[in-house]
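Please open the structure in a viewer and keep the selection tool at hand. The tour below proceeds stop by stop, stating what to select and what is found there.

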Amino acid sequence: MKRKTFTKTALSISILLILVWVILGATSTLAWFTDTSQKAVNTFVIGDVSVELYHRVDQGNGHFVYEQVDETTKIFDDEALYEPGYTQTVYVKIKNAGNVDFDYRFSVILDNWVDGKTETGAVIHLPQYLKFGVVFGTNEAELMQQIADRHGARNIAANPLNSFAQHRHQLAPDAEEFAAIVVYMPEVVGNEANYRGTQVPRVDLGVNVTASQTGTIEQIP
């Protein structure tokens, strides 16, 4: 049987764009109507909705820190070259930096993919050969229990690489939630994804976090 060969430089994936959006006042806080000095005072208050996104950075010697990201941050290693069996996991933290509870939507968006070609001229569409998944935890320890090893990570990355969105509910002020994003190329991928030429198959992934205030009523003194 002829053995398949697969070069390590076959494919690359670029995870470029981190977008953090905050929808201010999408829902609102209504103050109670108050009656002072026989005069009705109607007050409408918009709470401070503020979401922050962080990603875990390896400082070496087993030490990790979470650094805040902006629209230019690269949370994945875009120099990584995917081959069968290659797995990459990134850890992020979502923090409520405002003063009211909010609900948020965590999205992963595919964009700007470039197709390559095999030696025979067949088109290589990179998302077709990659799997991914997202898992959440209330703290880092809970998250790590779900991804204890590479096998656990690959079990999470059981979905075709595609756009993803999940609504998360009622994160309190100063509270944090953690998520892990796993991208994996299965071992069964062979030379059908082995590109030739100068055009490297690639795709950009964006992480989009939107937050809106949870509907509550507060009494204003």
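Select Asn 194 and Arg 196: in this predicted model, a polar contact of 3.4 Å joins the side chain of Asn 194 to the side chain of Arg 196. Asn 194 belongs to the loop between β17 and β18. With a relative accessibility of 5%, Asn 194 counts as buried, because the cut-off for that class is under 20%.

Remain in this loop and select Gln 199, which also lies between β17 (176-184) and β18 (202-213). Is Gln 199 buried or partly exposed? Its relative accessibility is 42%, so Gln 199 counts as partly exposed. Next, add Val 114, Asp 115 and Gly 116 to the selection; Gln 199 touches these residues, when residues up to four places away in sequence are left out. For Gln 199 and Gly 116, a distance display between the C-alpha atoms should read 5.5 Å, although 83 residues separate the two along the chain.

Move now to strand β16 (residues 164-171) and select Arg 168, which has its place there. Arg 168 has a relative accessible area of 19% and is therefore buried, the limit being under 20%. Which residues does Arg 168 touch, not counting residues up to four places away in sequence? They are Asp 103, Tyr 104, Phe 136 and Glu 177. With Glu 177, the side chain of Arg 168 also makes a polar contact, side chain to side chain, of 2.7 Å.

The next stop concerns aromatic rings. The structure holds five aromatic pairs. Select Tyr 66 and Phe 178, one of these pairs: the arrangement is edge-to-face, with 5.6 Å from centre to centre and 75° between the planes. This pair links distant parts of the chain, since Tyr 66 is in strand β8 (residues 63-68) and Phe 178 is in strand β17, 112 residues apart. Phe 178 counts as buried, because its relative accessibility is 7%.

Then select Tyr 82 and Tyr 86, which form another edge-to-face aromatic pair, with 4.8 Å from centre to centre and 70° between the planes. Tyr 82 has a relative accessible area of 0% and is thus buried. Tyr 86, at 25%, is partly exposed.

Keep Tyr 86 selected, as this residue also belongs to the lining of the largest pocket. Extend the selection to Arg 56, Ile 75, Phe 76, Asp 77, Thr 87, Gln 88, Thr 89, Val 90 and Tyr 91, which line the largest pocket together with Tyr 86. The volume of this pocket is about 170 Å³. Which strand contributes the largest share of the lining? Strand β10 (residues 87-96) does, with five residues. Colouring the lining by class should show five nonpolar, three polar and two charged residues.

Finally, clear the selection and display the whole protein. Two helices and 19 strands are present. Of the 221 residues, 42% are buried. Among contacts with a separation of 6 or more, 83% are between residues 24 or more positions apart.

How values were computed: Residues numbered from 1 in each chain as written. Predicted model: local features only at pLDDT ≥ 70, side-chain atom pairs only at ≥ 80, totals over all residues. Heavy atoms only, no water. 1 Å grid on protein atoms, 1.4 Å probe; cavity = no way out; pocket = protein on both sides within 12 Å on 5 of 7 lines; lining within 4 Å. Points joined across faces, edges and corners; volume = space filled by probe spheres on them. Helix = DSSP H or I, 4+ residues; strand = E, 2+ residues; numbered from the N terminus. Nonpolar A, V, L, I, M, F, W, Y, C, P; charged D, E, K, R; others polar. Buried < 20%, exposed > 50% of the residue type's maximum accessible area, 1.4 Å probe, protein only. Polar contact = N/O pair within 3.5 Å; in protein donor to acceptor, adjacent residues only side chain to side chain. Contact = heavy atoms within 4.5 Å. Phe/Tyr/Trp six-rings, centres within 6.5 Å; stacked < 30°, edge-to-face > 60°.
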